[in-house]
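Visitor: I should be grateful for a close look at a single part of this model. Please take one strand and its surroundings, and then proceed outward from there.

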Amino acid sequence: MSNKLFIPGPTEVRKEILTELSNPQIGHRTGEFRELFRSLKPGLREIFGTQGDVLISTSSGSGFWEASIRSCVNNNVLHAVNGAFSKKWSELSEQCGKEAAKIEFEPGKAVKAEEIDTVLADRNFEAFCMVHNETSTGTASDLEAVSKVMKNHPNTLWIVDAVSSAGGMKIDTDNLGIDIALASGQKALAIPPGIAFAFVSEKAYKKAETVKGRGYYFDLLKLKKMYDKDMTPYTPSIPHLYALKKQMARIKEEGLENRFNRHKEMASYTRGWVKKNGFEMFSEENCHSDTISCVLNTKNIDFNNIKKEMAQIGYSIDSGYGKMNEKLVEEGKKTTFRIAHMGDLTLEEVKELTKQLENYF
Ligand SMILES: Cc1ncc(COP(=O)(O)O)c(C=O)c1O
């Protein structure tokens, strides 16, 4: 028996989606493939809140981290760093040979728009990267506030990691004026890991035309050229595309707004449960994520042990983001644990999990 996943990715994948992975393969240069690819476009546009292109890569989301940096940055990029993933992305930019400046916010704090505005007013950066939903800390930043200040800096591309929010939280890409919004399939979209998506604006494509050394596999211009022909530049994981097609149909049936509301409901229930059980949220007030709750382990409960015991009875849970907890211990602070409530999980399933957890305290 496999465990039910309450971890922040990969998330629980429903059986009917898993079944799609076993469809017979088709050639990726056939009409049948193009029809399949074309059928995925409207649902992705809706999820990303755009009329534009949402590119598909059958890599994980980090592929689009690299694609956005290599394709759209010649020299310098500003990263907001407020947790483990935003930090990793800034390191990736350095590893791609770019100057990656960082504006840091304490873990658990959201990205502050005014501070971004000040830094960008002081110095020109080709792009500004931020993580919408910091999975390591359960913190969601206010995209509307950042959108307002990004309007003051039209020469800077705005690149948003929506890896653990897309499909679970609203991202109004066109209205916000985001240039690249990227996401992974194995989080709130609840499909198996190995597929990623990125909305790319016309402005970002234009910028890419000026960038040298975009590489091959993650060149956004190559992906775009083939996207327009309903294909990918190289052989994609066709099983993932079938899984995505099924999930798009399920999301349509549920209704995107209902899906967002289900996430809100699960998050709100979890926060109530946290309080009722004498814990505190790690994320700052009014910036709690709808897809993942990061909890301060105020009671010093041994979550590593609970994690092991829960695994014995069929639940995969998370005992907090490893490196962050290590640092908190070093600083003599309390550690965290996380409850993921994303993807296709229901409120009833989250209640089932929290009831089991209560046996340990
Ligand atoms: C916010 C965020 N960004 C990026 C990543 C990396 O995504 P992937 O593992 O799909 O490459 C993760 C993974 O957990 C994440 O949570």
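Guide: In this predicted model, Ser-57 of strand β2 stands opposite Ala-196 in β10. The pairing to which this position belongs is antiparallel and extends over five bridges between β2 and β10. Ala-196 also has a counterpart in β9, for it is the bridge partner of Ser-184. Strand β9, residues 180-184, is joined to strand β10, residues 196-200, by five bridges, and these two strands likewise run antiparallel. Ala-196 of β10 is thus named with Ser-57 and with Ser-184.

The wider setting is an open sheet of seven strands with mixed pairing, in the order β2-β10-β9-β8-β5-β3-β4. In general, the strands of a sheet pair through backbone hydrogen bonds, in either a parallel or an antiparallel manner. The edges of the seven-stranded sheet are formed by β2 (53-57) and β4 (99-104); each has a single partner strand, so one side of each lacks a neighbour in the sheet. From one strand to the next, the twist averages 20 degrees.

Although β2 stands at an edge, the strand is mostly covered, with five of its five residues buried. Burial applies to both faces of β2: Asp-53, Leu-55 and Ser-57 lie on one side, Val-54 and Ile-56 lie on the other, and all are buried. Ser-57, which stands opposite Ala-196, is therefore buried in the sense of having under 20% relative accessible area.

A second sheet may be set beside this one. It is open, has three strands in the order β11-β12-β14, and its pairing is antiparallel. Here β11 (280-281) and β14 (336-340) stand at the edges with a single partner strand each, so that one side of each has no neighbour in the sheet. Two bridges join β11 to strand β12, residues 292-296, and Met-281 stands opposite Val-295 in β12.

Finally, there is a helix pair to consider. The axes of helix α3 (residues 62-72) and helix α4 (residues 84-95) come within 10 Å and cross at roughly 45 degrees; the two helices are therefore oblique to each other. The crossing in which α3 passes α4 is right-handed. On the α3 side, the contact is made by Ser-62, Trp-65, Glu-66, Ser-68 and Ile-69, and on the α4 side by Phe-85, Lys-88, Trp-89, Leu-92 and Ser-93. Classified by residue type, this contact of α3 with α4 comprises five nonpolar, three polar and two charged residues.

Technical notes
Residues numbered from 1 in each chain as written. Predicted model: local features only at pLDDT ≥ 70, side-chain atom pairs only at ≥ 80, totals over all residues. Heavy atoms only, no water. Pairing = 2+ DSSP bridges. Helix = DSSP H or I, 4+ residues; strand = E, 2+ residues; numbered from the N terminus. Axes fitted to C-alpha atoms, helices over the stretch in contact; angles between N-to-C directions. Parallel < 35°, antiparallel > 145°, perpendicular 65-115°, else oblique. Left-handed = near helix turned anticlockwise from the far one by under 90°. Contact = heavy atoms within 4.5 Å. Nonpolar A, V, L, I, M, F, W, Y, C, P; charged D, E, K, R; others polar. Buried < 20%, exposed > 50% of the residue type's maximum accessible area, 1.4 Å probe, protein only.
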